[in-house]
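Me: I'm new to this structure and would love a guided look at one part of it. Please pick a place to start, go through it slowly, and then show me what else is worth finding.

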Amino acid sequence: MAETDKDDLVSLLEDTDGKIDIPEIMPLLPVRDVVIFTDMVLPLFIGRERSVKAVDKSMGGDRLLFLSTQKDPSIEDPKPDDIYRVGTICRILRILKLPDGHFKVLVQGLEKGRIKRYTAKKFFYNVKVEAFKDAPFENIELEHQALMRNIRENCEKILTIRGEYSSEIGILLDEIEHPGKLADLVSSNLKLKIDEAQGLLEIADPVQRLHKVNDYLTREVELSMMQAKIQSNVRDEISKSQRDYFLREQLRAINKELGEFDDKGEEVGEYKKLIKKAKLPKEAATEADKQLRRLEQMHPDSSEASVIRTYLDWILELPWSKLTKDKIDIQGAQKTLDKHHYGLEKIKDRILEYLSVRKLNPNKKGQILCFAGPPGVGKTSLGQAIAKAMNRKFFRVSLGGIRDEAEIRGHRRTYIGAMPGRILQGLKQCGSSNPVFMMDEIDKIGSDFRGDPSSALLEALDPEQNTNFSDHYLNLSYDLSNVMFILTANMIDTIPSALLDRMEVIHLSGYTLEEKYAIAETFLLPRQIKENGLNKKNISISQGALQQIIEEHTCESGLRNLERELGTICRKLARRIAEKEKGPFQITKTNLPKFLGPSKYLPEMDQEESQVGLSTGLAWTSVGGEVLYIEATLLEGKGDLIITGQIGEVMQESARAAVTYARAHRKDFGIKKDFFENLDIHIHVPAGAIPKDGPSAGISMATALISAITNRPVDTEVAMTGEITLRGRVLPIGGLREKSLGALRAGIKKIIIPEKNRNELSEIPKNVKRKIKFFPVSTIDEVIAIALGDKIKAPAPLKTKKTIKAPKTSKANKSK
């Protein structure tokens with residue numbers, strides 16, 4: 001449609017001053033958020049399909065439309081019952097078609113009308129309209145003149161306050177003598193609600209309508225004066241940072257004068273509903289009601305109000321009484337554990353025992369479990385498997401490096417940015433009060449001037465106390481007795497004794513070579529093939545190649561480096577496939593160096609032949625068992641003892657005890673009396689950049705020293721561990737299983753252990769005992785006899801039952 005030019009618009013306006021033939025039937029245009037009065041000129045945007053068709057119909061004829069307001073502006077496609085029956089007959093003065101197909105039209109109200117009936121409803125509404133004329137009005141009485149003058153004066157007041165008054169407006173108001181015309185003019189310029197404006201439109205009596213307009217106008221004057229008063233009171237203090245505050249104060253004052261409900265009341269009402277719905281404990285509900293009453297009395301924009309809102313949100317979002325239902329199936333739990341973890345039979349048995357007790361006695365207070373072992377042995381994944389077996393939610397938090405007590409118990413609300421501790425944060429995130437809550441790296445918690453987090457954990461991890469756990473932020477008692485806490489650590493030596501006393505420690509020492517092979521074949525390799533976009537048909541790794549990867553490219557208790565090496569192979573093959581090289585690809589011991597390079601670790605000993613003054617000890621570290629070489633040599637001097645290798649005080653004392661023992665038993669070794677007076681003794685532990693300490697290297701130092709004194713080589717296949725005394729007794733040590741696995745990785749065939757550790761051999765895997773001979777000893781004399789090759793004095797090794805070698809497994813959950 002073409003846009004109406006300026007001359008046509010002038011002619012249209014002139015036509016409206018005369019009589020217009022208004023048809024009975026015309027298109028209906030429902031409008032939203034506005035009521036059209038007579039003589040009112042208003043632009044409208046037309047976008048709804050029915051409305052566009054109604055405008056098209058009107059432009060094809062006499063340009064007349066019947067405009068009526070919707071009762072509910074949110075309805076997109078109003079029905080006849082959703083539209084007021086009284087509206088205004090309007091004429092389209094100008095129309096502009098927008099690029100998106102919508103219209104912008106300029107309409108003028110001609111006269112009021114009422115819908116008698118709808119004649120068409122399919123594409124747009126066509127209605128039959130009857131005139132809605134004002135009641136006859138003949139003489140203007142004195143009262144009417146006073147009312148009209150009052151309306152004119154109020155209009156001038158409002159416009160003057162707003163700074164919009166001009167002499168032309170005053171002349172226009174004075175020229176209108178008809179009460180109905182004046183009422184319609186003022187109504188069209190008042191900011192009225194839809195129902196108020198529609199009510200004015202439906203009043204046929206001009207005088208009555210004028211009275212109603214006067215009431216609304218008087219209210220508007222009072223509001224404008226109140227607005228001016230607010231502006232006057234705050235104008236001197238307002239600044240750029242106070243502008244938002246001023247606008248809210250203005251809105252509050254207006255709502256107060258109108259008696260309308262404000263946002264603050266809605267907020268308080270919403271909090272009351274949430275508190276009632278949350279089913280809080282009595283103490284928490286009392287505190288929430290108390291804080292809500294404080295919030296009611298505060299200004300909504302004050303900083304304290306914001307703190308209270310955050311506090312109430314935390315109280316309402318915590319799962320006080322929400323519990324997930326345990327579904328404990330022992331057989332199903334065992335299948336889940338076997339599916340995700342190979343071996344670890346003792347640990348699995350302990351977990352199943354725990355689940356069995358929970359099934360028989362759900363109210364039993366939870367035991368705190370602590371998985372201790374080197375990295376990569378599956379401590380975290382065990383916790384996830386437990387949560388899955390119990391149908392509970394799982395949450396993990398790392399405590400490594402935490403030094404602030406507030407990380408556990410939360411901050412006081414007086415601090416800016418205060419929030420609850422990590423325990424309550426985890427429960428909120430889970431949405432349940434009985435999750436499996438794993439705390440990783442419990443052995444790496446620190447402490448400083450801000451407090452001791454390990455002491456804060458005492459309350460949370462004690463089944464006798466955690467029913468009333470108190471967080472500094474909430475300052476309320478929270479029941480943690482339903483939470484299953486699982487802790488992990490690499491070493492338990494650094495865990496405070498009071499905290500260690502509250503948990504049951506389950507040691508995960510690491511995997512043997514056979515277990516690593518089965519896990520790599522069953523779990524790690526298929527996972528890396530999938531993650532790197534390969535197909536099982538395109539890649540195969542021979543048994544010898546996989547065994548070589550385990551023995552010569554990794555040296556660890558866990559499996560992380562092994563999985564990295566397998567991932568390296570898969571990535572290289574993925575590149576070949578991406579470069580359109582055809583498979584399948586076979587990885588063997590021959591071509592393995594092309595993928596992983598030369599061997600990083602050798603399973604044999606560093607020295608091929610036995611040497612004088614060099615013994616092999618065993619150490620227990622946070623990453624598992626390792627071999628520890630100790631060197632001793634004699635040189636001319638004055639009988640001094642030199643100790644190097646960055647060793648701690650305990651190992652230095654062991655070295656001194658070994659020297660004292662050697663000097664006290666010089667006759668047994670055929671040494672002259674003045675032998676030690678002219679020689680210095682130098683004991684060195686290689687890898688000097690690594691700190692070392694512990695008592696279990698005592699017999700290793702004594703063996704290296706006696707070997708150097710007697711000039712007899714130490715058997716390279718023998719490793720030893722044990723603490724020495726001045727009288728030559730061998731005292732028990734810890735970590736025998738871990739040390740045995742470390743010795744096996746290093747190619748050791750004989751291990752000397754203290755006699756009092758004999759009973760721990762039952763915990764050693766059978767395949768380790770098949771490959772390594774264990775020699776329990778009570779004195780250093782027995783150690784020297786074994787290590788230096790004295791077959792007469794050496795005790796016989798322990799005999800192990802001959803077992804049949806286990807076949808290779810293709811599934812992790814296959815029984816032994």
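Reply: A sheet and its surroundings

Let's start with two paired strands: β7, which covers residues 369-372, runs alongside β13 in the parallel sense, and 4 bridges link them. To find one of these bridges, look for F371, whose partner in β13 is I506. Please keep in mind throughout that this is a predicted model.

Now widen the view. The pair belongs to an open sheet of 5 strands, and reading across it gives the order β8-β9-β12-β7-β13, with parallel pairing. The edges are taken by β8 (394-398) and β13 (504-507); each of these has a single partner strand, so one of its sides has no neighbour in the sheet. Going from strand to neighbouring strand, the average turn is 20°, with direction ignored.

A helix packs on this sheet as well: α16, made of residues 422-430, touches β8 and β9 (436-440), and its direction makes about 150° with that of β8. One residue to pick out in α16 is Q429. Is Q429 buried or exposed? With a relative accessible area of 62%, Q429 is exposed, because the value is over the 50% cut-off. In sequence, Q429 and F395 are 34 residues apart, while in space their C-alpha atoms are 8.3 Å apart. F395 falls within the residue range of the edge strand β8, so this pair ties the helix discussion back to the sheet.

From here, let's move on to pairs of helices. Two packed helices are described by the angle between their axes and by the distance between those axes.

Take α19 (residues 513-531) and α21 (residues 560-578) to begin with: their axes are 10 Å apart and the packing angle is about 45°. That angle makes α19 oblique to α21, and the crossing is right-handed. On the α19 side the contact uses K516, A520, L524, L525, R527, Q528 and I529, which meet L562, E563, L566, G567 and C570 of α21. Sorted by class, this contact contains 7 nonpolar, 2 polar and 3 charged residues.

Another pair is formed by α24 (residues 698-710) and α27 (residues 780-787), whose axes come within 10 Å and cross at roughly 60°. These two helices are therefore oblique to each other, and their crossing is right-handed. You can trace the contact through I699, A702, T703 and I706 of α24 and through I780, V783, I784 and A787 of α27. Here the classes divide into 7 nonpolar, 1 polar and no charged residues.

A further pair is α3 (residues 142-162) with α5 (residues 179-189), packed at an angle of about 20° with axes 11 Å apart. At that angle, α3 is roughly parallel to α5, and α3 passes α5 in a left-handed crossing. M148, I151 and C155 of α3 meet P179, L182 and V186 of α5. This contact has 6 nonpolar residues, with no polar and no charged ones.

Beside this pair there is a residue to look up in helix α7 (residues 206-234), namely E220. Which residues does E220 contact, leaving aside its neighbours within four places in sequence? They are I158, R162 and L190. I158 and R162 fall within the residue range of α3. E220 is buried, because its relative accessible area of 12% is under 20%.

Two loop residues are worth a visit too. Most residues other than glycine have a negative phi. D39, however, has a positive phi near 65°. You will find D39 in the loop between β1 (25-31) and β2 (41-46), where it is partly exposed at 45% relative accessibility. Q646 also has a positive phi, about 50°, and is not a glycine. Its loop lies between β19 (641-644) and α23 (649-664), and with a relative accessible area of 42% Q646 is partly exposed.

Finally, step back to the whole protein chain. Its secondary structure comes to 27 helices and 26 strands. Of its 816 residues, 46% are buried. Among contacts between residues at least 6 apart in sequence, 73% join residues at least 24 apart.

Definitions and conventions
Residues are numbered from 1 along each chain as its sequence is written. This is a predicted model: local features need pLDDT of at least 70, side-chain atom pairs count only at pLDDT 80 or more; totals for chains, interfaces and linings use all residues. Side-chain values use heavy atoms; hydrogens and water are left out. Axes are lines fitted to C-alpha atoms, for helices over the stretch in contact, and angles run from 0 to 180 degrees between N-to-C directions. Angles under 35 degrees count as roughly parallel, over 145 as roughly antiparallel, 65 to 115 as roughly perpendicular and the rest as oblique. A crossing is left-handed if the near helix is turned anticlockwise from the far one by less than a right angle, and right-handed if clockwise. Contact means heavy atoms within 4.5 Å. Ala, Val, Leu, Ile, Met, Phe, Trp, Tyr, Cys and Pro count as nonpolar, Asp, Glu, Lys and Arg as charged, and the others, Gly among them, as polar. Buried means under 20% relative accessible area, exposed over 50%, partly exposed in between (1.4 Å probe, protein chains only). Two strands pair if DSSP finds at least two bridges between them.
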